[in-house]
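Trainee: Please take one part of this model and go through it closely. I would like a single connected account rather than a list.

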Amino acid sequence: MRAQMEAQRLAAYERLAELELELGRHADLATELPSVVAAHPTRERLRAALMLAHIGAATAPTRLIIWYRHSSPQTWQRLPGASATASISMN
């Protein structure tokens, strides 16, 4: 039950972060999300939100550098999933 509640809480936080990005709060999220991503490194939506926050706040030069910085060494063998790369397309 506790694990399910934690998963729901994280999903809600991910959605909140996405909505805040839509509102243009990139700089705020760029400072808020690193600790959350560090605590939950396997949450792809959080990593994608962090990449978008950094890009929108102009705090890092590329998505790939940010992804490597905030991912765990175990995930370095693969690129971010389709959902992450789709959500960070820079048209």
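Mentor: This is a predicted model, and a single residue makes a convenient way in. Isoleucine 65 has a relative accessibility of 39%, so it counts as partly exposed, because that class runs between the limits of 20% for buried and 50% for exposed. Its place is in helix α4, which covers residues 63–69. In sequence, isoleucine 65 and methionine 51 stand 14 residues apart, and their C-alpha atoms are separated by 9.2 Å in space.

Now to the part for the close look, helix α2. Helix α2 takes in residues 26–39, 14 residues in number. From first C-alpha to last it reaches 20 Å, close to the expected 20 Å at 1.5 Å a residue. The helix has a bend of about 40° at leucine 33, and proline 34 follows within four residues.

Five names make up the buried residues of α2: Leu29, Ala30, Leu33, Val36 and Val37. The cover over these buried residues includes α1 (2–22) and α3 (44–56). Take leucine 29 as a case: apart from neighbours within four places in sequence, it is in contact with Ala17, Glu20, Leu21, Pro34, Leu50 and Ala53.

Leucine 29 and leucine 33 also appear in the largest nonpolar core, which has 13 residues. They are listed with Tyr13, Leu21, Leu46, Ala49 and Ala53 as the residues that touch the most other members. To this core, α1, α2 and α3 each contribute at least two residues.

Terms used: Residues are numbered from 1 along each chain as its sequence is written. This is a predicted model: local features need pLDDT of at least 70, side-chain atom pairs count only at pLDDT 80 or more; totals for chains, interfaces and linings use all residues. Side-chain values use heavy atoms; hydrogens and water are left out. Buried means under 20% relative accessible area, exposed over 50%, partly exposed in between (1.4 Å probe, protein chains only). The expected span of a helix is 1.5 Å times one less than its number of residues. The bend at a residue is the angle between axes fitted to the seven residues ending there and the seven starting there. Contact means heavy atoms within 4.5 Å. A nonpolar core is a set of buried Ala, Val, Leu, Ile, Met, Phe, Trp, Tyr and Cys residues joined through side-chain atoms within 4.5 Å.
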